[in-house]
Amino acid sequence: MAERRATSDALPTGALLDTPDLTLVDLVDNLLDKGIVLDAEIVLGLAGIDLVYVRLAALLCAADRVQAGDRPQRP
Amino acid sequence: MRLYVYALADADLATTGLCGISGEPLEVVTLQDAVGIVGRMTEAKTPTREALQSQDALVRALHERTSALLPVRFGTTVADAAALHDHPTLQHARLTQALDRVRAREQMTVRIVTNRPVPTVSHRESTSTGRGRQYLEGRASEHRLPTEAVEVVSAVRALVREERTERGRVQGMLATVYHLIDRGRGADYRAAMEARASLLTALSIGVAGPSPAYAFGPDDWTPHA
């Protein structure tokens, strides 16, 4: 079901919540960042050209999760 | 040729009339009391918008056909049926417990955006505590909702069976909240959330769903739980 925006105030950041981008946010959030992880096999491409092949177990996540500044620092 | 895994579900799930995201026939791999829904593929899938939409549509169709379904992450493959059956994360008791958790339920997602500065999640601020404690406190804080967000989600508390939360990781995003609710209560949930939103002055709220329970796999089956 498409996401609807419920807002009481127009916010620049809130543009993120406008469809159809919000639907894409949901797709990425649900399918790439959530869901059960068994093994991941994925090809990252640009303009129809396969650039990066990833074959990993449990390391496939949204971009903000791999930004160094937001990663937990293990003691 | 590998098996591309779409979902794990109750054993009564029928795939008649459905096909995979590459048009391949769907197969059902029996996992004791549950099943895995798979298709055969020769190459890895590229995560295009179309591919994500196709997989989401398929998972939703499967979700409609059974009372308990756990979506599997995009791009997941195993060598063959035996590899899926013997996969260490799919031990019988854990899988059964995970399916029981989502049975007859569906997910709603709420994204809460604010126009005031909020600290993004970080575990690197220096404090007087030790690094181990600092790390654990930082991990715990990821799942602790800010006060404004608690106020927002209180509007639907009566409908919520389970909740998972994530603090904002980018400026302006206060939190994302995932709720499990009873199937068929999505309209009530939206109505309650929108009524609450009309009372707010400094927040925007995006409500998505209902959807399959993407965010409610067992914690230790995800890399950053």
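The exercises below deal with chain B of a predicted model.

Residues are numbered from 1 along each chain as its sequence is written, and chains are lettered from A and ligands numbered from 1 in the order in which they are written. In this predicted model local features need pLDDT of at least 70, side-chain atom pairs count only at pLDDT 80 or more, and totals for chains, interfaces and linings use all residues, while side-chain values use heavy atoms, with hydrogens and water left out.

**Exercise 1. Confidence**

Task: State what pLDDT chain B averages and which ipTM and pTM the predictor gives the complex.

Solution. Step 1: pLDDT is the predictor's confidence in each residue, from 0 to 100. Step 2: Chain B averages 86, and 86% of the residues score at least 70. Step 3: For the complex, the ipTM is 0.73 and the pTM is 0.76.

**Exercise 2. Helix H1**

Task: Compare the expected span of helix H1 of chain B with the distance between its end C-alpha atoms, then find where its buried residues lie.

Solution. Step 1: Helices (H or I, at least four residues) and strands (E, at least two) are DSSP runs, numbered from the N terminus. Step 2: The expected span of a helix is 1.5 Å times one less than its number of residues. Step 3: H1 of chain B has 17 residues (49-65) and should span 24 Å; the end C-alpha atoms are 25 Å apart, which agrees. Step 4: Buried means under 20% relative accessible area, exposed over 50%, and partly exposed in between (1.4 Å probe, protein chains only). Step 5: The buried residues of H1(B) are B:Ala51, B:Leu52, B:Gln55, B:Asp56, B:Leu58, B:Val59, B:Leu62 and B:His63. Step 6: These residues cover an arc of only 165° around the axis, so they sit on the same side of H1(B); the arc is that of the directions from the helix axis to the C-beta atoms. Step 7: B:Glu50 and B:Glu64 are exposed on the other side of H1(B).

**Exercise 3. Backbone angles**

Task: Describe the phi of B:Gln32 and of B:Ala104, and the peptide bond from B:Gly209 to B:Pro210.

Solution. Step 1: Most residues other than glycine have a negative phi, and most peptide bonds are trans. Step 2: B:Gln32 is not a glycine, yet has a positive phi of about 55°. Step 3: B:Gln32 lies in the loop between strand S2 (26-31) and strand S3 (34-41) of chain B. Step 4: S2(B) and S3(B) run antiparallel and are joined by six bridges; two strands pair if DSSP finds at least two bridges between them. Step 5: The hairpin of S2(B) and S3(B) has two residues between the strands, and B:Leu31 stands opposite B:Ala34 in S3(B). Step 6: B:Ala104 has a positive phi of about 60°, although it is not a glycine. Step 7: This residue, B:Ala104, lies in the loop between helix H3 (92-102) and strand S6 (105-114) of chain B, and at 39% relative accessibility B:Ala104 counts as partly exposed. Step 8: The bond from B:Gly209 to B:Pro210 is cis, with omega near 5°, and B:Pro210 is found in strand S9 (residues 203-211) of chain B.

**Exercise 4. Salt bridges**

Task: State how many salt bridges the structure holds over all chains, then describe the partners of B:Arg103 and the pair of B:Glu27 and B:Arg40.

Solution. Step 1: A salt bridge is a side-chain nitrogen of Lys or Arg within 4 Å of a carboxyl oxygen of Asp or Glu. Step 2: The structure holds ten over all chains. Step 3: B:Asp10 forms a salt bridge with B:Arg103, the closest N and O atoms being 2.4 Å apart. Step 4: This pair links distant parts of the chain, with B:Asp10 in strand S1 (residues 2-10) and B:Arg103 in the loop between H3 and S6, 93 residues apart. Step 5: B:Asp10 is buried, with a relative accessible area of 12%, whereas B:Arg103 is partly exposed at 28%. Step 6: B:Arg103 also meets B:Asp100 in a salt bridge (2.3 Å, N to O), and B:Asp100 is partly exposed at 43% relative accessibility. Step 7: B:Glu27 and B:Arg40 meet in a salt bridge (2.7 Å, N to O). Step 8: B:Glu27 lies in S2 and B:Arg40 in S3 of chain B, so the pair ties together parts that are 13 residues apart in sequence.
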